[in-house]
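Please look over the sequence and the structure below before reading on. The paragraphs that follow lead through the model step by step.

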Amino acid sequence: MWRAQPGEHGDKCGPAMRTNLSRFTVAFSDLSWSSVELPSPSAELPMFSRAWQVGRYLQTYARKYCLDACIKLNAPVCSVRRIENSGVWQVSCTDRKTGDASTYRFDFLVVASGFFGKPATTFDPIAGGNSPNIKHSSSFRELSDLTQKAGKIAIIGGGISGSEAAAQAAFQISSARYVPGKTKPAHAQSTVYHVINRPFYCLPRYLPQQIRQPDENFDPAPRFLPLDLAMYNLSRRGEGQISAAISTVPTDKAYKGHGFMRSVIGGDQSDVGRPELVYTDSQLGYPGYTGITDTYMEFVRSGIIVPLRGWVDEVKAGEGTDFNIKVTPKQPWAHEDHNVR
């Protein structure tokens with residue numbers, strides 16, 4: 001997903017997309033970013049790297065440690081079985097180019113098959129699912145490729161990809177609306193409707209540190225750190241080994257999570273005037289979710305982004321290129337009905 005170069009479309013993200021973690025986290029401990037050659041258009045490495053720069057970093061790492069000799073590409077795995085009494089794994093694959101079959105034996109096996117590698121079933125109502133007015137988030141780049149007229153643009157999904165796509169679309173609308181000159185792009189008067197099934201905390205890439213002065217008043221000029229350095233502060237870790245939380249989150253832990261997130265962003269987000277983005281007291285026992293984008297909340301304030309709470313049940317073709325989307329609230333997250341055309 002990182003291989004595309006500047007000017008190309010990219011597979012699952014555009015090459016100009018910025019990472020949501022800083023270069024201190026998007027790196028291996030045995031290769032410094034300063035060792036990577038980054039030619040124009042950006043010779044200076046930003047704090048949050050472009051996708052194509054991450055690609056260059058990975059290429060440099062692969063060359064330095066001769067990883068190509070350990071990676072077999074274009075070879076779908078046909079079967080995997082464990083040989084009895086030996087504990088050895090036998091893996092069979094076929095070379096997609098030559099058709100030759102190969103069998104290998106390994107002491108250990110990790111299945112990393114890419115759960116989110118391909119778009120899931122979409123709501124595209126057009127036969128064959130090839131409507132130019134509907135795009136998966138991985139292929140969305142420009143609003144001009146999506147529509148040639150002003151209107152309501154629906155973004156379905158409240159995860160990190162959904163919030164980033166909504167912010168990207170809103171930024172393009174804002175740019176079109178305020179670009180100098182009398183002639184404006186067609187989407188200058190569009191509005192983004194972001195359909196989410198529960199609130200999420202919107203985190204910017206930089207977070208303030210020590211926001212209060214010794215007298216407990218807010219510091220008008222606090223220091224800022226990249227989001228990942230603030231989140232991964234080792235001084236907050238408890239004792240003992242850290243393990244992945246893959247089970248149900250206990251209520252008391254959920255409350256602590258909400259409290260921490262609100263302390264990080266300075267409140268519960270009610271200041272933007274959109275209850276869809278605010279966890280109510282009865283919802284604080286559920287896990288808090290996050291999105292990472294610098295501009296989402298400002299576009300909500302301006303009205304370019306309108307959050308809608310609920311689940312999309314169906315999308316039907318309307319007149320011309322229009323679509324009718326049925327959004328139904330479902331507990332415990334939703335509080336009202338919406339039907340968007």
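Which residues have the most contacts inside the largest nonpolar core? This is a predicted model, and in it the largest nonpolar core has 23 residues, with L143, V192, L277, Y296 and I305 having the most contacts inside it. At least two residues of this core are supplied by each of β4, α2, β5 and α5, the last of these covering residues 296-302, while the largest share, six residues, comes from α2. A general remark helps to place this: in soluble globular proteins, nonpolar side chains tend to be buried together. If we leave aside residues up to four places away in sequence, I305 touches A166, A167, A170, V192, H194, Y296, F299 and V300. Another core, of ten residues, lies apart from the one just described, and among its members are L203, A230, M261 and I292.

We can now turn to the strands and the helix around this region. Three strands form an open sheet in the order β4-β5-β10, and their pairing is parallel. Its edge strands are β4 (152-156) and β10 (305-309), each of which pairs on one side only. On average, and with direction ignored, neighbouring strands of this sheet are turned by 25 degrees against each other. Between β4 and β5, the latter spanning residues 191-196, there are five bridges, and the two strands run parallel; within this pairing, I155 has H194 in β5 as its bridge partner. Helix α2, made of residues 160-178, lies across β4, β5 and β10, and the helix runs at about 170 degrees to β5.

Between α2 and β5 there is a loop, and S190 has its place there. Is S190 buried or exposed? S190 counts as buried because its relative accessible area is 0%. Not counting residues up to four places away in sequence, S190 touches K149, A150, G151, I153, I173 and R177.

Two other loop residues make a useful contrast with each other. N85 lies in the loop between β1 (77-82) and β2 (89-94), and its phi is near 65 degrees, which is a positive value in a residue other than glycine. Q269, in the loop between α4 (251-265) and β9 (290-292), also has a positive phi, near 75 degrees, and is likewise a residue other than glycine. N85 counts as exposed because its relative accessibility is 85%, whereas Q269 counts as buried because its relative accessibility is 4%.

A positive phi is found in a hairpin as well. Strand β11 (residues 311-317) and strand β12 (residues 323-328) run antiparallel and are joined by six bridges, and the bridge partner of W311 in β12 is T328. The hairpin of β11 and β12 has five residues between the strands, and in this hairpin G320 takes a positive phi near 60 degrees.

The last stop is the aromatic rings. A pair of aromatic rings is described by the distance of the centres and the angle of the planes. How many aromatic pairs are there, if ring centres must lie within 6.5 Å? The count comes to eight aromatic pairs, and one aromatic cluster is formed by F28, W33, Y57, Y61 and Y65. Over the ring of Y65 sits the charged end of K64, 5.5 Å from the ring's centre. In a similar arrangement, the charged end of R205 sits over the ring of F48, at 5.9 Å from its centre.

Note on methods
Residues are numbered from 1 along each chain as its sequence is written. This is a predicted model: local features need pLDDT of at least 70, side-chain atom pairs count only at pLDDT 80 or more; totals for chains, interfaces and linings use all residues. Side-chain values use heavy atoms; hydrogens and water are left out. Rings of Phe, Tyr and Trp (its six-membered ring) pair if their centres lie within 6.5 Å; planes under 30 degrees apart count as stacked, over 60 as edge-to-face and the rest as tilted. A charge sits over a ring if NZ of Lys or CZ of Arg is within 6 Å of the ring centre and within 35 degrees of the ring normal. Two strands pair if DSSP finds at least two bridges between them. Helices (H or I, at least four residues) and strands (E, at least two) are DSSP runs, numbered from the N terminus. Axes are lines fitted to C-alpha atoms, for helices over the stretch in contact, and angles run from 0 to 180 degrees between N-to-C directions. Contact means heavy atoms within 4.5 Å. A nonpolar core is a set of buried Ala, Val, Leu, Ile, Met, Phe, Trp, Tyr and Cys residues joined through side-chain atoms within 4.5 Å. Buried means under 20% relative accessible area, exposed over 50%, partly exposed in between (1.4 Å probe, protein chains only).
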